[in-house]
Structure formats: C-alpha cells, structure tokens
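Good morning, and thank you for joining. Please take a moment to look at the sequence and the model, and then I shall walk through several local features.

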Amino acid sequence: VTYVNVDMMISGLRAFREDPEVDPERLLVLSELTLNDLRSGGEIDETDFMDRVDLLCSLGQTVLISNHQEHYRLASYLAQFTRKKKIGIILGINNLARIFEEKYYENLNGGILESFGRLFGTNVKLLVYPSVNDDESLRTCENFSPAQHLVYLFKHLYDNQNIEDIKDAKVEHLHIISDNVIEMIKRGKSGWEEMVPNRVSKAIKAQSMFGYKPRIGVDID
C-alpha cells in the first residue's frame with residue numbers, strides 16, 4: 001500500500017460521491033483483492049497475501065477477498081446486494097487497458113460485448129486513475145487508445161460516463177510502483193519508507209513483512 005494506492009482510494013471515492021445517482025450517506029467502500037493476482041508459480045503466496053490484507057485493514061479499509069479475475073464477475077457478485085444502485089469500481093489506467101483485451105473473454109460466446117453487457121448492465125461506473133508515461137506526460141482516458149476496432153465502443157462508454165477519469169490525482173506520487181517498493185524492501189535498500197504511509201512503514205518493520213530485515217551498515221546495490 002503506497003501513497004499512490006491511498007490517493008487512488010481517496011480521489012476515486014471523491015469522484016464517485018459527485019455522481020448524481022449516488023447517495024453519499026449510503027456508501028459502503030470495499031478494497032478488493034483477488035486471489036488470481038497473487039499467484040507465484042501457480043500457487044498462492046499466503047503470507048504475501050495476508051500481509052497486504054493486514055496493511056489495508058491498518059488503514060481502516062474493509063477488505064473483500066475474491067476469486068474473480070474479470071471485472072464483470074466481480075460486478076455481478078456485488079450487484080446481488082445493491083438493489084440496482086450505482087457501483088463504482090476504482091482502477092488504474094493499465095487495468096482499463098486489460099479490460100479492453102479480448103483474449104480475456106474467449107470463454108464467452110459473445111466475447112467482449114457480452115462481458116461489457118454484464119459489467120455495465122449492473123449499473124457500474126469505472127473511475128480511472130492515471131499513470132505517467134516515460135516522457136512524464138499523463139496517460140488518461142482522454143488519450144487512451146484501445147484496439148482500432150474497439151475505439152467506438154470505448155467512446156460510447158466514455159461519452160455516456162460509464163467510464164470516467166479521476167481528475168484530481170496527486171501526480172507527484174505517480175512515479176511510485178508497488179513492485180519496486182517490495183523489491184527495495186527485500187533487498188534492504190533505503191528510501192521505500194518515503195513511498196508509503198507512516199502507518200504502513202511501521203507495520204512492515206514491526207511484522208517483518210515482504211522479507212523486511214533491519215538494515216545493518218550500507219545499502220545493498
């Protein structure tokens with residue numbers, strides 16, 4: 001859990017609250033982790049997984065553990081409890097790109113159109129957090145480029161506000177990559193503490209999460 005993740009939660013929730021269909025007094029916020037994203041060599045790394053859950057809980061988040069790799073499956077599950085009320089899914093622009101990859105829907109007779117029907121048919125809005133390109137420009141929905149034959153499908157969803165940019169992201173944090181932070185922790189390099197909330201840093205050190213060991217002497221290159 002880095003400053004990027006925290007800002008994604010806060011700014012995404014703020015954007016969702018502004019939707020006219022949303023009653024701010026009846027919101028339930030969940031941080032979802034899917035088992036499918038944490039496989040190492042085909043097996044779940046249970047320690048790594050529970051460390052992530054504990055860190056989210058330490059920040060006051062309610063964690064939902066699922067086995068739904070596809071967003072439309074997650075949305076269908078959540079829709080059972082919302083009585084057709086609005087569901088907001090906060091995700092990064094790179095995850096949006098994966099949603100538009102048709103290889104994930106080869107098991108559906110209707111392919112990507114069927115999956116999108118299931119996803120957005122449950123009254124879902126995707127709130128998209130930006131990333132930064134190598135030239136330091138922002139990658140957002142405004143310059144997002146799906147496959148050519150899907151451009152008008154994306155435009156339809158974007159124009160109808162089924163997909164929406166998160167406008168007030170803290171761009172100064174976008175250089176932080178979670179995988180890089182974990183690698184720094186494992187290798188005993190300094191500086192990762194500046195990329196995560198203080199409460200997270202303390203928990204990682206106190207519980208020796210992600211292979212953390214107290215540093216002795218100089219940094220390891």
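I begin with Lys 84, which is placed in the loop between helix 3 and strand 5. Please bear in mind that the model is predicted. Lys 84 is not a glycine, yet its phi is positive, at about 70°. Most residues other than glycine have a negative phi. As for its surroundings, Lys 84 has a relative accessibility of 76% and therefore counts as exposed.

Arg 83 also belongs to the loop between helix 3 and strand 5. Its phi is positive too, at about 55°, although Arg 83 is not a glycine. Is Arg 83 buried or exposed? It counts as exposed, because its relative accessibility is 78%.

Let us stay in this loop and turn to Lys 86, which lies between helix 3 (71-79) and strand 5 (87-92). Lys 86 has a relative accessible area of 16%, so it is classed as buried, the cut-off being under 20%. What does the side chain of Lys 86 make a polar contact with? The partner is the side chain of Asn 123, at 3.5 Å. Setting aside residues up to four places away in sequence, Lys 86 touches Phe 16, Asp 19, Glu 21, Val 22, Asn 123 and Lys 125.

I move next to Val 124, a residue of strand 6 (residues 124-129). Its relative accessibility is 1%, and Val 124 therefore counts as buried. Beyond its neighbours within four places in sequence, Val 124 is in contact with Ala 75, Ile 87, Ile 89, Leu 119 and Asn 162. Asn 109 is 15 residues from Val 124 in sequence, and the two C-alpha atoms are 22 Å apart in space.

Now to strand 4 (residues 63-66), where the side chains alternate. Leu 64 and Ser 66 point to one face and are buried, whereas Val 63 and Ile 65 point to the other face and are not buried. Strand 4 runs parallel to strand 1 (residues 31-34), and four bridges join the two. Within this pairing, Ile 65 of strand 4 is the bridge partner of Leu 33.

Finally, the surface. Which residues form a nonpolar patch there? They are Val 132, Leu 138 and Val 171, which together have about 200 Å² of accessible area. Of these, Leu 138 is found in strand 8 (residues 138-139). Leu 138 has a relative accessible area of 33% and so is partly exposed.

That concludes my presentation, and I welcome your questions.

Technical notes: Residues are numbered from 1 along each chain as its sequence is written. This is a predicted model: local features need pLDDT of at least 70, side-chain atom pairs count only at pLDDT 80 or more; totals for chains, interfaces and linings use all residues. Side-chain values use heavy atoms; hydrogens and water are left out. Patches are made of residues with over 30% relative accessible area and no salt bridge: like charges are joined within 9 Å, nonpolar side chains (Val, Leu, Ile, Met, Phe, Trp, Tyr) within 5 Å. Accessible areas come from the Shrake-Rupley method with a 1.4 Å probe; for residues, only the protein chains shown count as cover. A salt bridge is a side-chain nitrogen of Lys or Arg within 4 Å of a carboxyl oxygen of Asp or Glu. Buried means under 20% relative accessible area, exposed over 50%, partly exposed in between (1.4 Å probe, protein chains only). Two strands pair if DSSP finds at least two bridges between them. A polar contact is a pair of N or O atoms within 3.5 Å; within protein, one must be able to donate a hydrogen and the other to accept it, and residues adjacent in sequence count only if both atoms are side-chain atoms. Contact means heavy atoms within 4.5 Å.
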